[in-house]
Amino acid sequence: MTVTGPKDINQMGLTFEHEHIATDFIGAEKVKQPQYPLSQGTAFFLTHLMKLKDSGVQTLIECTPEYIGRDVKLLRELSEQSGVNILTNTGYYAAVDKKYLPKHTFSETAEQLAARWIDEWENGINGTDIKPGFIKLGVGKKSLDSIEQKIVRAGALAHLNTGLKIAIHTGSSVAANDELDILEEVGVDACALIVVHAQNASSEEQIKLIKRGCWISLDGVNQKPGTIARYIDFLLALKQENLLGQVLISHDDGWSVIQKEDGTIGFELFNFGNLSPYSSILELLIPRLNVLGFTQEDIDQLLIKNPAKAFMIEVCERGVKAKR
Ligand SMILES: [Zn+2]
(Lines give C-alpha, C1' and ligand atoms only; values in the text may rest on other atoms or scores of the structure.)
Protein backbone atom coordinates (compact mmCIF):
# COMPACT_ATOMS: atom_id res chain seq x y z
CA MET A 1 0.00 0.00 0.00
CA THR A 2 1.69 3.19 -1.19
CA VAL A 3 0.75 6.82 -0.48
CA THR A 4 -0.88 6.91 -3.92
CA GLY A 5 -2.85 3.68 -3.40
CA PRO A 6 -2.39 -0.09 -3.65
CA LYS A 7 0.23 -1.54 -5.99
CA ASP A 8 1.22 -5.05 -6.97
CA ILE A 9 4.35 -6.05 -5.00
CA ASN A 10 6.08 -6.80 -8.31
CA GLN A 11 5.99 -3.05 -9.01
CA MET A 12 8.14 -2.26 -5.97
CA GLY A 13 11.46 -2.93 -7.71
CA LEU A 14 14.65 -1.74 -6.04
CA THR A 15 13.57 -0.67 -2.54
CA PHE A 16 15.19 1.16 0.35
CA GLU A 17 13.14 -0.22 3.22
CA HIS A 18 14.04 2.08 6.10
CA GLU A 19 14.52 5.74 5.21
CA HIS A 20 13.08 9.10 6.23
CA ILE A 21 12.22 12.29 4.42
CA ALA A 22 11.13 15.00 6.90
CA THR A 23 11.21 14.24 10.63
CA ASP A 24 10.44 16.61 13.47
CA PHE A 25 12.07 15.80 16.81
CA ILE A 26 10.41 18.62 18.76
CA GLY A 27 8.27 16.16 20.77
CA ALA A 28 4.67 14.94 20.65
CA GLU A 29 1.90 17.55 20.84
CA LYS A 30 4.35 20.50 21.31
CA VAL A 31 3.51 22.33 18.08
CA LYS A 32 1.24 21.66 15.16
CA GLN A 33 3.04 19.47 12.62
CA PRO A 34 4.10 19.97 9.89
CA GLN A 35 5.81 23.24 10.83
CA TYR A 36 6.44 24.15 7.14
CA PRO A 37 4.09 24.69 4.21
CA LEU A 38 3.64 21.80 1.75
CA SER A 39 5.16 23.88 -1.07
CA GLN A 40 8.39 24.44 0.92
CA GLY A 41 8.75 20.74 1.69
CA THR A 42 8.05 19.73 -1.89
CA ALA A 43 10.52 22.25 -3.31
CA PHE A 44 13.24 21.14 -0.90
CA PHE A 45 12.89 17.34 -1.20
CA LEU A 46 11.92 16.83 -4.82
CA THR A 47 15.48 17.08 -6.19
CA HIS A 48 16.59 14.37 -3.73
CA LEU A 49 13.74 12.10 -4.80
CA MET A 50 14.52 12.67 -8.49
CA LYS A 51 18.16 11.76 -7.81
CA LEU A 52 17.03 8.62 -6.01
CA LYS A 53 14.86 7.67 -8.96
CA ASP A 54 17.78 8.25 -11.37
CA SER A 55 19.93 5.86 -9.30
CA GLY A 56 17.40 3.10 -10.05
CA VAL A 57 15.46 3.05 -6.78
CA GLN A 58 11.74 2.58 -7.35
CA THR A 59 10.41 2.45 -3.78
CA LEU A 60 11.24 4.29 -0.57
CA ILE A 61 9.70 3.11 2.67
CA GLU A 62 9.28 6.17 4.90
CA CYS A 63 9.56 5.21 8.56
CA THR A 64 8.70 8.48 10.33
CA PRO A 65 5.77 7.84 12.68
CA GLU A 66 3.02 10.27 13.60
CA TYR A 67 4.18 12.77 16.32
CA ILE A 68 7.75 12.71 14.88
CA GLY A 69 6.77 14.61 11.79
CA ARG A 70 4.92 12.10 9.60
CA ASP A 71 3.61 14.24 6.74
CA VAL A 72 1.55 12.13 4.37
CA LYS A 73 0.55 15.00 2.09
CA LEU A 74 4.21 15.80 1.48
CA LEU A 75 4.92 12.13 0.77
CA ARG A 76 2.08 11.89 -1.74
CA GLU A 77 3.15 15.07 -3.50
CA LEU A 78 6.76 13.85 -3.73
CA SER A 79 5.69 10.42 -4.96
CA GLU A 80 3.43 11.88 -7.65
CA GLN A 81 6.03 14.36 -8.86
CA SER A 82 9.08 12.04 -8.75
CA GLY A 83 7.49 8.72 -9.71
CA VAL A 84 9.11 6.99 -6.69
CA ASN A 85 6.69 4.72 -4.78
CA ILE A 86 6.54 5.79 -1.13
CA LEU A 87 5.04 3.87 1.80
CA THR A 88 4.00 5.60 5.00
CA ASN A 89 3.01 4.07 8.34
CA THR A 90 0.69 4.02 11.32
CA GLY A 91 1.71 3.40 14.96
CA TYR A 92 3.66 5.08 17.76
CA TYR A 93 7.29 5.41 18.82
CA ALA A 94 7.97 4.75 22.52
CA ALA A 95 11.80 4.92 22.45
CA VAL A 96 13.69 8.01 23.78
CA ASP A 97 11.92 8.42 27.14
CA LYS A 98 8.40 8.39 25.63
CA LYS A 99 9.00 11.88 24.25
CA TYR A 100 7.15 11.07 21.04
CA LEU A 101 4.05 9.50 22.52
CA PRO A 102 0.75 11.40 22.62
CA LYS A 103 -0.90 11.54 26.05
CA HIS A 104 -3.66 9.08 25.17
CA THR A 105 -1.06 6.28 24.85
CA PHE A 106 -0.77 6.20 28.62
CA SER A 107 -4.50 5.98 29.38
CA GLU A 108 -5.84 3.85 26.54
CA THR A 109 -5.76 0.06 26.27
CA ALA A 110 -3.92 -1.87 23.55
CA GLU A 111 -7.31 -2.49 21.92
CA GLN A 112 -8.09 1.24 21.83
CA LEU A 113 -4.70 2.10 20.36
CA ALA A 114 -5.07 -0.65 17.77
CA ALA A 115 -8.50 0.77 16.85
CA ARG A 116 -6.89 4.15 16.03
CA TRP A 117 -4.35 2.50 13.71
CA ILE A 118 -6.96 0.25 12.09
CA ASP A 119 -9.04 3.37 11.47
CA GLU A 120 -6.15 4.94 9.50
CA TRP A 121 -5.98 1.77 7.39
CA GLU A 122 -9.72 1.71 6.78
CA ASN A 123 -10.48 5.42 6.44
CA GLY A 124 -7.18 7.19 5.67
CA ILE A 125 -4.74 9.33 7.63
CA ASN A 126 -5.52 12.82 9.01
CA GLY A 127 -8.58 13.40 6.85
CA THR A 128 -6.90 12.27 3.61
CA ASP A 129 -7.51 9.05 1.69
CA ILE A 130 -3.81 8.13 2.15
CA LYS A 131 -3.40 4.77 3.89
CA PRO A 132 -0.48 3.32 5.84
CA GLY A 133 1.65 0.64 4.17
CA PHE A 134 2.89 -0.80 7.47
CA ILE A 135 2.83 -0.39 11.24
CA LYS A 136 5.85 1.43 12.70
CA LEU A 137 6.60 1.27 16.42
CA GLY A 138 9.63 2.09 18.54
CA VAL A 139 10.97 0.63 21.79
CA GLY A 140 14.16 1.13 23.81
CA LYS A 141 17.12 -1.09 24.66
CA LYS A 142 15.94 -2.79 27.83
CA SER A 143 13.40 -5.50 28.39
CA LEU A 144 10.07 -3.90 27.38
CA ASP A 145 8.26 -1.82 30.02
CA SER A 146 4.48 -1.80 30.35
CA ILE A 147 3.92 1.04 27.84
CA GLU A 148 6.19 -0.62 25.28
CA GLN A 149 4.46 -3.96 25.82
CA LYS A 150 1.14 -2.23 25.25
CA ILE A 151 2.10 -0.64 21.94
CA VAL A 152 3.62 -3.91 20.68
CA ARG A 153 0.41 -5.71 21.67
CA ALA A 154 -1.62 -2.99 19.90
CA GLY A 155 0.57 -3.45 16.81
CA ALA A 156 -0.05 -7.21 16.87
CA LEU A 157 -3.82 -6.70 17.16
CA ALA A 158 -3.80 -4.13 14.34
CA HIS A 159 -1.77 -6.57 12.21
CA LEU A 160 -4.34 -9.36 12.63
CA ASN A 161 -7.03 -6.93 11.53
CA THR A 162 -5.25 -5.32 8.57
CA GLY A 163 -2.38 -7.53 7.36
CA LEU A 164 -0.01 -4.55 7.73
CA LYS A 165 3.46 -5.74 8.75
CA ILE A 166 5.02 -4.43 11.96
CA ALA A 167 8.43 -2.68 11.79
CA ILE A 168 9.77 -1.89 15.25
CA HIS A 169 12.69 0.43 16.05
CA THR A 170 14.39 -1.92 18.53
CA GLY A 171 17.32 -1.02 20.77
CA SER A 172 18.68 -4.50 21.48
CA SER A 173 18.13 -8.22 20.94
CA VAL A 174 16.65 -8.43 24.46
CA ALA A 175 13.90 -6.03 23.36
CA ALA A 176 13.48 -7.91 20.05
CA ASN A 177 12.94 -11.22 21.84
CA ASP A 178 10.31 -9.56 24.08
CA GLU A 179 8.52 -8.34 20.94
CA LEU A 180 8.50 -11.87 19.52
CA ASP A 181 7.08 -13.22 22.80
CA ILE A 182 4.20 -10.72 22.70
CA LEU A 183 3.41 -11.52 19.07
CA GLU A 184 3.36 -15.20 19.97
CA GLU A 185 0.90 -14.56 22.84
CA VAL A 186 -1.43 -12.58 20.57
CA GLY A 187 -1.28 -15.32 17.91
CA VAL A 188 0.78 -13.44 15.31
CA ASP A 189 3.46 -15.35 13.36
CA ALA A 190 6.98 -13.90 13.54
CA CYS A 191 6.99 -13.27 9.77
CA ALA A 192 4.87 -10.17 10.47
CA LEU A 193 7.74 -8.58 12.40
CA ILE A 194 10.65 -6.53 11.07
CA VAL A 195 13.29 -5.92 13.76
CA VAL A 196 14.60 -2.46 12.84
CA HIS A 197 18.21 -1.52 13.69
CA ALA A 198 19.31 -5.17 14.07
CA GLN A 199 22.82 -3.85 13.34
CA ASN A 200 22.90 -3.09 17.07
CA ALA A 201 22.90 -6.85 17.73
CA SER A 202 25.84 -9.22 17.20
CA SER A 203 25.93 -11.67 14.28
CA GLU A 204 25.02 -14.51 16.66
CA GLU A 205 22.03 -12.57 18.00
CA GLN A 206 20.89 -11.67 14.47
CA ILE A 207 20.99 -15.35 13.48
CA LYS A 208 18.99 -16.36 16.56
CA LEU A 209 16.34 -13.74 15.79
CA ILE A 210 16.01 -14.92 12.19
CA LYS A 211 15.63 -18.48 13.43
CA ARG A 212 12.64 -17.32 15.47
CA GLY A 213 11.07 -16.37 12.12
CA CYS A 214 11.22 -12.55 11.92
CA TRP A 215 12.89 -10.22 9.42
CA ILE A 216 15.96 -8.30 10.50
CA SER A 217 16.71 -4.84 9.14
CA LEU A 218 20.36 -3.71 8.93
CA ASP A 219 19.54 -0.11 8.19
CA GLY A 220 22.40 2.21 9.05
CA VAL A 221 24.65 1.79 5.99
CA ASN A 222 26.86 4.87 5.81
CA GLN A 223 30.21 6.32 4.75
CA LYS A 224 31.79 6.48 8.21
CA PRO A 225 35.11 4.60 8.42
CA GLY A 226 34.50 0.97 9.38
CA THR A 227 30.74 0.90 8.76
CA ILE A 228 30.79 -0.82 5.38
CA ALA A 229 33.24 -3.43 6.71
CA ARG A 230 30.91 -4.12 9.65
CA TYR A 231 27.88 -4.61 7.38
CA ILE A 232 29.93 -6.86 5.11
CA ASP A 233 30.82 -9.05 8.11
CA PHE A 234 27.14 -9.28 9.09
CA LEU A 235 26.06 -10.15 5.55
CA LEU A 236 28.84 -12.70 5.03
CA ALA A 237 27.83 -14.49 8.25
CA LEU A 238 24.16 -14.48 7.20
CA LYS A 239 24.99 -15.73 3.69
CA GLN A 240 27.12 -18.50 5.16
CA GLU A 241 24.12 -19.62 7.25
CA ASN A 242 21.89 -19.37 4.18
CA LEU A 243 19.70 -16.77 5.90
CA LEU A 244 19.78 -13.85 3.44
CA GLY A 245 16.09 -14.58 2.77
CA GLN A 246 15.08 -12.75 5.97
CA VAL A 247 17.44 -9.76 5.77
CA LEU A 248 16.68 -6.18 4.75
CA ILE A 249 19.17 -3.33 4.25
CA SER A 250 18.83 0.45 4.19
CA HIS A 251 20.51 3.74 5.24
CA ASP A 252 18.13 5.35 7.74
CA ASP A 253 18.87 8.68 6.02
CA GLY A 254 16.59 11.70 6.21
CA TRP A 255 16.26 15.30 7.38
CA SER A 256 15.27 16.97 10.65
CA VAL A 257 12.98 19.96 10.70
CA ILE A 258 14.97 22.81 12.29
CA GLN A 259 14.34 26.35 13.35
CA LYS A 260 16.99 28.54 11.74
CA GLU A 261 18.64 31.52 13.43
CA ASP A 262 16.38 33.95 11.60
CA GLY A 263 13.36 32.11 13.03
CA THR A 264 12.34 30.42 9.78
CA ILE A 265 11.93 26.66 9.41
CA GLY A 266 14.37 24.59 7.37
CA PHE A 267 15.63 21.01 6.94
CA GLU A 268 18.96 19.56 8.03
CA LEU A 269 20.36 16.20 6.91
CA PHE A 270 20.67 13.61 9.72
CA ASN A 271 24.21 13.43 10.92
CA PHE A 272 24.38 9.61 10.86
CA GLY A 273 27.43 9.39 8.59
CA ASN A 274 26.12 10.08 5.10
CA LEU A 275 26.96 13.42 3.51
CA SER A 276 24.99 12.49 0.43
CA PRO A 277 21.68 10.81 1.32
CA TYR A 278 20.41 7.44 0.07
CA SER A 279 23.61 6.58 -1.83
CA SER A 280 26.02 4.47 0.26
CA ILE A 281 24.36 1.11 -0.48
CA LEU A 282 24.58 1.39 -4.25
CA GLU A 283 27.86 3.29 -4.38
CA LEU A 284 29.86 1.65 -1.57
CA LEU A 285 28.30 -1.54 -0.19
CA ILE A 286 27.14 -3.39 -3.32
CA PRO A 287 30.46 -3.03 -5.22
CA ARG A 288 32.25 -4.55 -2.19
CA LEU A 289 29.72 -7.38 -1.91
CA ASN A 290 30.22 -8.16 -5.62
CA VAL A 291 33.97 -8.52 -5.09
CA LEU A 292 33.34 -10.84 -2.14
CA GLY A 293 31.27 -13.30 -4.15
CA PHE A 294 27.72 -12.07 -3.64
CA THR A 295 25.82 -12.89 -6.83
CA GLN A 296 23.33 -10.61 -8.59
CA GLU A 297 20.69 -12.99 -7.22
CA ASP A 298 21.85 -12.29 -3.65
CA ILE A 299 21.75 -8.51 -4.23
CA ASP A 300 18.29 -8.69 -5.83
CA GLN A 301 17.15 -10.76 -2.88
CA LEU A 302 18.25 -8.05 -0.42
CA LEU A 303 16.98 -5.03 -2.35
CA ILE A 304 14.03 -6.31 -4.40
CA LYS A 305 12.66 -9.70 -3.35
CA ASN A 306 12.87 -9.37 0.43
CA PRO A 307 11.31 -5.89 0.77
CA ALA A 308 8.42 -6.97 -1.46
CA LYS A 309 7.73 -10.02 0.71
CA ALA A 310 8.33 -8.22 3.98
CA PHE A 311 5.92 -5.35 3.21
CA MET A 312 3.28 -7.39 1.38
CA ILE A 313 -0.13 -6.98 3.00
CA GLU A 314 -0.98 -10.39 4.45
CA VAL A 315 -2.17 -11.62 7.82
CA CYS A 316 0.49 -13.81 9.46
CA GLU A 317 -1.36 -15.98 11.94
CA ARG A 318 0.50 -18.42 14.09
CA GLY A 319 0.10 -21.98 12.94
CA VAL A 320 -0.78 -20.90 9.40
CA LYS A 321 2.13 -21.66 7.09
CA ALA A 322 3.93 -18.49 6.00
CA LYS A 323 4.37 -17.89 2.26
CA ARG A 324 8.09 -17.15 2.55
ZN1 LIG B 1 14.77 5.42 11.20
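Biologist: What does the chain expose, and how much of that do carbon and sulfur atoms supply?

Modeller: In this predicted model, the chain exposes about 13600 Å², and carbon and sulfur atoms supply 50% of it.

Biologist: What makes the chain as compact as a globular protein of its length?

Modeller: Let's begin with its parts: there are 10 helices and 12 strands. The radius of gyration is 18 Å, and the globule rule gives 20 Å for 324 residues; the two values are close, so the chain is as compact as a globular protein of that length. Along the principal axes, its C-alpha atoms fill a box of roughly 50 × 45 × 35 Å.

Biologist: Nice! Why is His 18 called buried?

Modeller: Buried means under 20% relative accessible area. His 18 has 1%, so it counts as buried. His 20, with 9%, is buried too. Across the chain, 59% of the 324 residues count as buried.

Biologist: How do you know that His 18 and His 20 are donors of the zinc ion?

Modeller: A donor atom has to lie within 2.8 Å of this metal. NE2 of His 18, NE2 of His 20 and OD of Asp 252 lie 2.1 to 2.3 Å from the zinc ion, which places them inside the cut-off. Their spacing in sequence is H-x1-H-x231-D.

Biologist: Why is the pair of Phe 25 and Tyr 100 called edge-to-face?

Modeller: Two checks are needed here: ring centres within 6.5 Å make a pair, and planes over 60 degrees apart make it edge-to-face. For Phe 25 and Tyr 100 the centres are 6.2 Å apart and the planes are at 70 degrees, so the pair is edge-to-face. Phe 25 sits in the loop between β2 and α1, and Tyr 100 in the loop between β5 and α3, so the pair ties together parts that are 75 residues apart in sequence.

Biologist: And what makes Phe 25 partly exposed?

Modeller: Partly exposed runs between the 20% and 50% limits. The relative accessible area of Phe 25 is 36%, so Phe 25 is partly exposed. Tyr 100, at 5%, is buried.

Biologist: Why is the pair of Phe 25 and Phe 270 called tilted?

Modeller: Planes that are neither under 30 nor over 60 degrees apart count as tilted. Phe 25 and Phe 270 have 50 degrees between their planes, with 6.0 Å centre to centre, and form a tilted pair. Phe 270 lies in the loop between β12 and α9, so this pair ties together parts that are 245 residues apart in sequence.

Terms used:
Residues are numbered from 1 along each chain as its sequence is written. This is a predicted model: local features need pLDDT of at least 70, side-chain atom pairs count only at pLDDT 80 or more; totals for chains, interfaces and linings use all residues. Side-chain values use heavy atoms; hydrogens and water are left out. Donors are N, O and S atoms within 2.8 Å of the metal (3.2 Å for Na, K and Ca); water is not among the atoms, so sites may look incomplete. Buried means under 20% relative accessible area, exposed over 50%, partly exposed in between (1.4 Å probe, protein chains only). Helices (H or I, at least four residues) and strands (E, at least two) are DSSP runs, numbered from the N terminus. The radius of gyration is taken over C-alpha atoms; the globule rule is 2.2 Å times the number of residues to the power 0.38. Accessible areas come from the Shrake-Rupley method with a 1.4 Å probe; for residues, only the protein chains shown count as cover.
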